[in-house]
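Work through these exercises with the sequence and the model side by side. Try each task before you read its solution.

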Amino acid sequence: MQDKKPVQFAEQQGSRVPPCTVPFYHVVDLQTRFNDIDMLGHLNNNVYLEFMDLGKTRYMTDVMGPVDWMRFTAVVVHIDCDYFAPAFLGEPLAVATTVTGVSKHSFRLEQRIFDTKTGQVKCIGRTVMAGFDPVTGGSAEISPAWIIEFSRYEGRNL
């Protein structure tokens, strides 16, 4: 495993934020824009999902090298997000991404958007991506090479 340090999220006593079950090594800094903010002055809930998409694509590229997205053989089949604290314009945010598990036909990711100064977790997203055959439009197995790369990057067997 590379010499990486896991992200340190703030311990949020009395919070509904569940503790991490695995370390997070991959982080992408985020930039909020004026149009990302809703009428209450908070980051709009849809923008969190866009930020998680950015985190997923950067994770894949950083872990597996250059990716031909037109030939990428996995698709999102499930995504959910739990919101814990509002984010505001100008707040220093980042998205941390990790693979939490792999099966023959899918893999699971967890992502946390957090304030980089305080470590406060704003939300936790979970995504299931399934193997996809673009020729048949049907299910496919996850590439064993991907599993090896995920395991190498995460420093644990998946």
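**Exercise 1. Find what share of the chain's residues count as buried, then describe the surface.**

Step 1. Take the 158 residues of the chain: 42% of them count as buried. Buried means under 20% relative accessible area, exposed means over 50%, and partly exposed lies in between (1.4 Å probe, protein chains only).

Step 2. Turn to the surface. The chain exposes about 8800 Å², and carbon and sulfur atoms supply 54% of that area. The areas come from the Shrake-Rupley method with a 1.4 Å probe; for residues, only the protein chains shown count as cover.

Step 3. Know your source. This is a predicted model, in which local features need pLDDT of at least 70 and side-chain atom pairs count only at pLDDT 80 or more, while totals for chains, interfaces and linings use all residues. Residues are numbered from 1 along each chain as its sequence is written, and side-chain values use heavy atoms, with hydrogens and water left out.

**Exercise 2. Compare the radius of gyration of the chain with that of a compact globule.**

Step 1. Apply the globule rule: 2.2 Å times the number of residues to the power 0.38, with the radius taken over C-alpha atoms.

Step 2. Compare. A compact globule of 158 residues would have a radius near 15 Å; the chain has 16 Å, so the two agree.

Step 3. Add the dimensions. The C-alpha trace spans about 45 × 35 × 25 Å along its principal axes.

**Exercise 3. List the elements of the chain in order.**

Step 1. Count them: the chain has two helices and six strands. Helices (H or I, at least four residues) and strands (E, at least two) are DSSP runs, numbered from the N terminus.

Step 2. Read from the N terminus: β-α-β-β-β-β-β-α.

**Exercise 4. Decide how helices H1 and H2 are oriented to each other, and name their contact.**

Step 1. Two packed helices are described by the angle between their axes and the distance between the axes. Axes are lines fitted to C-alpha atoms, for helices over the stretch in contact; angles run from 0 to 180 degrees between N-to-C directions.

Step 2. Here H1 (residues 45–64) and H2 (residues 144–154) pack at about 95°, with their axes 9 Å apart.

Step 3. H1 and H2 are therefore roughly perpendicular. The classes are: under 35 degrees roughly parallel, over 145 roughly antiparallel, 65 to 115 roughly perpendicular, the rest oblique.

Step 4. H1 contributes Tyr 59, Met 60, Val 63 and Met 64 to the contact, and H2 contributes Trp 146, Glu 149, Phe 150, Arg 152, Tyr 153 and Glu 154. Contact means heavy atoms within 4.5 Å.

Step 5. Sort these residues: seven are nonpolar, none polar and three charged. Ala, Val, Leu, Ile, Met, Phe, Trp, Tyr, Cys and Pro count as nonpolar, Asp, Glu, Lys and Arg as charged, and the others, Gly among them, as polar.

**Exercise 5. Place Glu 154, Glu 110 and Asn 35: buried or exposed?**

Step 1. Glu 154 sits in helix H2. Its relative accessibility is 2%, so Glu 154 counts as buried.

Step 2. Glu 110 belongs to strand S4 (residues 106–115). With 12% relative accessibility, Glu 110 also counts as buried. Residues that Glu 110 touches include Phe 24, Ala 96 and Arg 126.

Step 3. Asn 35 lies in the loop between strand S1 (26–30) and H1. Its relative accessible area is 56%, so Asn 35 is exposed.

Key: Lists of a residue's contacts leave out its neighbours within four places in sequence.
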